[in-house]
Amino acid sequence: MKKTKRNAVLFKEMTVDMKKPKILIIMLLINMLLIPVVLGFFLAIYIQGNSGELGYRILANYFIAMMFTEAGIIAFIVPAVTAGSVSLEKERQTLDVLLTTRLTTWEIIKGKYFSSYLTIVLLVLSTMPMMSLVFIYGGIGIWQMIYVFIVLYVYIAMIASFGVFFSALTKNTVASVVLTYIFTLSYLVFTAVLPWIVVGGIELVNLMIYEDHKYFNFITDQHLIPSDYFIMLGIGNPFYAIFDSIGHTIGYSIEGIGIQGVNSLGEILPHTSDKNIVFRMFTPISMVFQLVVTFILLKISAVFLNPVKAKKNKKRK
């Protein structure tokens, strides 16, 4: 009988990590940070229950608050867990030993990455009881919650690849952690702001053309250049994907969060409706994009780890 091939790095890392008390400490910390949201939820239920105005929206707001609080916590915890995965081996001078084994650099990176990823998945699973409180009052099904959590796990996969990438790139764990935090924050802010900057710029051009009666008096459409499709530039931002998945789960929409009432932004997004297949596929497209980025970063990390490649680069210099 054929023996199944097992990644030795993954098996060793998971065996060692599960015995460390830091996993339990981080798990406790995550759940403690979510407790204020849970207490606020029960307080709101108590207040609205006494007034006889308890509605479905409070459950939706609780679910949104929990998901985004957890996504924010993950953005701070994941770099700390993953950024030292390879650089610690370099500092302990044990990486050379790994490279002399039959394991390829790709297998080493995969082992390091998935050990960190599975650890974080375990931490997130520990918050499921708090998330499942919405089932007490109904309104959200188990498959809807699983869908949102899959989106969350894809987000974790991409953020974890940032840490492994900088860990393979640098020789110092502190430098790796700092670079991972800076890059993660910059990436999330840039991908969140970029689509709105582009949309705002296009609408400014539209307004200038529309009001220029001297050269463009034949223009009668204030939105000559369609700009709302550029919202798709946000597919790289996992927070947009999480919000979109929640929207399909509990019925939130752009109109539902009041964008039309803020600077009339709703007027420049006429195509953002459930009838538009492009926007309906926002979350799946975003998930594919994040997984592609994850795969590319891990492949590049394996190249950085390859001593043969490094020697070739030195010779070229």
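Here a visitor and a guide talk through a predicted model of one protein chain.

Visitor: Welcome me in gently: what makes up the secondary structure of the protein chain?

Guide: Happy to! The protein chain has 14 helices and zero strands. Read from the N terminus, every one of its elements is therefore written as α.

Visitor: Why is Ser-161 called buried?

Guide: Its relative accessibility is 0%, and buried means under 20%, so Ser-161 counts as buried. Ser-161 is found in helix 9. Leaving aside residues up to four places away in sequence, Ser-161 touches Tyr-113, Thr-294, Leu-297 and Leu-298.

Visitor: And how much of the protein chain is buried?

Guide: Of the 317 residues in the protein chain, 42% are buried. The accessible surface comes to about 17,700 Å², and carbon and sulfur atoms hold 69% of that surface.

Visitor: What makes Lys-112 and Glu-89 a salt bridge?

Guide: A good one to check by hand. Their side chains meet at 2.5 Å, N to O. The cut-off is 4 Å between a side-chain nitrogen of Lys or Arg and a carboxyl oxygen of Asp or Glu, so the pair of Lys-112 and Glu-89 qualifies. By this rule the count comes to one salt bridge. The pair links distant parts of the chain, with Lys-112 in helix 6 (residues 105-125) and Glu-89 in helix 4 (residues 87-91), 23 residues apart.

Visitor: Are those two partners buried or exposed, and how do you know?

Guide: Lys-112 has a relative accessible area of 2%, and Glu-89 has a relative accessibility of 6%. Both values fall under 20%, so Lys-112 and Glu-89 are each buried.

Visitor: Which residues have the most contacts inside the largest nonpolar core?

Guide: Those are Met-67 and Leu-152, in a core of 65 residues. Helix 9 (residues 142-169) gives the largest share of this core, 18 residues. Apart from this core lies another one, of six residues, including Val-199, Met-232, Ile-235 and Phe-282.

Visitor: What does Leu-152 touch, beyond residues up to four places away in sequence?

Guide: Leu-152 touches Met-67, Glu-70, Ala-71, Ile-74, Val-124 and Ile-242. To be called contacts, such pairs need heavy atoms within 4.5 Å.

Visitor: One last thing: among contacts between residues at least 6 apart in sequence, how many join residues at least 24 apart?

Guide: In the protein chain, that share is 82%. Thanks for the good questions!

Definitions and conventions
Residues numbered from 1 in each chain as written. Predicted model: local features only at pLDDT ≥ 70, side-chain atom pairs only at ≥ 80, totals over all residues. Heavy atoms only, no water. Helix = DSSP H or I, 4+ residues; strand = E, 2+ residues; numbered from the N terminus. Buried < 20%, exposed > 50% of the residue type's maximum accessible area, 1.4 Å probe, protein only. Areas by Shrake-Rupley, 256 points an atom, 1.4 Å probe, with all protein chains shown as cover. Core = buried A, V, L, I, M, F, W, Y, C linked by side-chain atoms within 4.5 Å.
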